[in-house]
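This report looks at how the parts of one protein model are arranged and where they touch. Please keep the sequence and the structure in view while you read.

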Amino acid sequence: MSTAPRLHIDAPLAAGATLPLTREDAHYLLNVMRRGEGDPVRIFNGRDGEWSAQIAHASKKAATLKLEAQTWPQQGVPDLWLLFAPVKRQKTDLIVEKATELGVAAICPVMTARTQSDRIKYERFESIAKEAAEQTERLDLPEIREIDKLDRVLDAWPADRVIIFCDESGDEADEAWGGARGRGQPMASALAASGALPAAILIGPEGGFSPAERERLRSLDPVIPVTLGPRILRAETAVIAALTIWQSACGDWR
Ligand code: SAH
């Protein structure tokens, strides 16, 4: 396991090429990681695998790298999207970081009836995802989608992709879903039945899903309602739990 720092740089990677670093990347390498001229660095751009490089030139605030050779061929993550309703800022940041580590291909914020915050700072999401991808040794970044209303996302949903709908409801005797249609299936057994199809996992906001949302979701063919057990998990916990189950059952943890 190399200890050379990793950087995502969106540039063509070829032997002998020199790459100027952004101020942020130079700061990270020189001041945070305390590296200097001649030190090794690992570079990936999401298309050409991972490459070895050296710091060819370093000044106080700038640095350029010299690319050497490809050390890992390009490899993507499983075809899994995360649809989630933004929650409080720190928790939403945590969701973006953990979803990147847990290998989602796309992060799709959705506005639901009970979503509190619709302000999404994409630049912040992008830098969290970049840092997490560098640390977790991914060879690509997750795609970060524009926030959209859940209804609109469902209107345009691709027929070949299942939606694993994490539904926190189920046992209220006087509720529509508590009785006849009750709790969703346990996620692990639901996945065993559905197999490794292109998938999305849907996680609601602190306030949960509205009855109308639940009604529509449960009426759609690609939707598989699942339970994450008898306790109500915070959204960020549910994201981590659901992604872990999916990667273990269908993804690249097998
Ligand atoms: N405020 C709601 C819970 C919302 S938890 C209530 O108290 O009922 C936030 C989201 O996490 C939910 O919308 C759901 O997507 C997911 N979640 C939490 N616990 C879950 C569980 N036991 N089963 C399935 N999904 C769960």
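## A pair of strands in domain 1

In this predicted model, W51 stands opposite Q70 in strand β5. The residue W51 falls within strand β4, which covers residues 50-58, and this strand pairs with β5 in the antiparallel sense over 7 bridges. If you follow the chain from β4 to β5, you pass through a hairpin in which 4 residues join the two strands.

Strand β5, which spans residues 63-72, also runs antiparallel to strand β2, made of residues 18-20, and 3 bridges join these two. One place to look for this pairing is L19, whose bridge partner in β5 is L65. As a general point to keep in mind while viewing such strands, the side chains of a regular strand alternate between the two faces of the sheet.

## Two domains

The domain assignment divides the protein into domain 1, residues 6-72, and domain 2, residues 80-249. Measuring tools in a viewer are not needed here, since the C-alpha centres of the two domains are computed to lie 35 Å apart. Where the domains come into contact, domain 1 contributes 10 residues and domain 2 contributes 8 residues.

Between them, domain 1 and domain 2 bury about 770 Å², and 57% of this area is on carbon and sulfur atoms. Which residues of domain 1 lose the most area to domain 2? They are R6, H8 and F44, which together account for 62% of what the domain 1 side buries.

## Charged and polar links

The count of salt bridges between domain 1 and domain 2 is 2. In the salt bridge formed by R42 and E137, the side chains meet at 3.2 Å, taken from N to O. Polar contacts can be counted as well, and between the two domains there are 7 residue pairs of this kind, with both residues at pLDDT 80 or more.

## The side of domain 1 that touches domain 2

Two strands, β1 (6-8) and β3 (40-44), each supply at least two residues of the side of domain 1 that touches domain 2. The largest share of that side comes from β1, which gives 3 residues. When the residues of this side are sorted by character, they divide into 3 nonpolar, 3 polar and 4 charged.

To draw these points together, the contact of the domains includes residues from β1 and β3 on the domain 1 side, and the links across it include 2 salt bridges as well as 7 residue pairs in polar contact.

Note on methods. Residues are numbered from 1 along each chain as its sequence is written. This is a predicted model: local features need pLDDT of at least 70, side-chain atom pairs count only at pLDDT 80 or more; totals for chains, interfaces and linings use all residues. Side-chain values use heavy atoms; hydrogens and water are left out. Domain bounds come from an automatic or database domain assignment. Contact means heavy atoms within 4.5 Å. Buried area is the accessible area (1.4 Å probe) that two parts lose on being put together, summed over both. A salt bridge is a side-chain nitrogen of Lys or Arg within 4 Å of a carboxyl oxygen of Asp or Glu. A polar contact is a pair of N or O atoms within 3.5 Å; within protein, one must be able to donate a hydrogen and the other to accept it, and residues adjacent in sequence count only if both atoms are side-chain atoms. Ala, Val, Leu, Ile, Met, Phe, Trp, Tyr, Cys and Pro count as nonpolar, Asp, Glu, Lys and Arg as charged, and the others, Gly among them, as polar. Two strands pair if DSSP finds at least two bridges between them.
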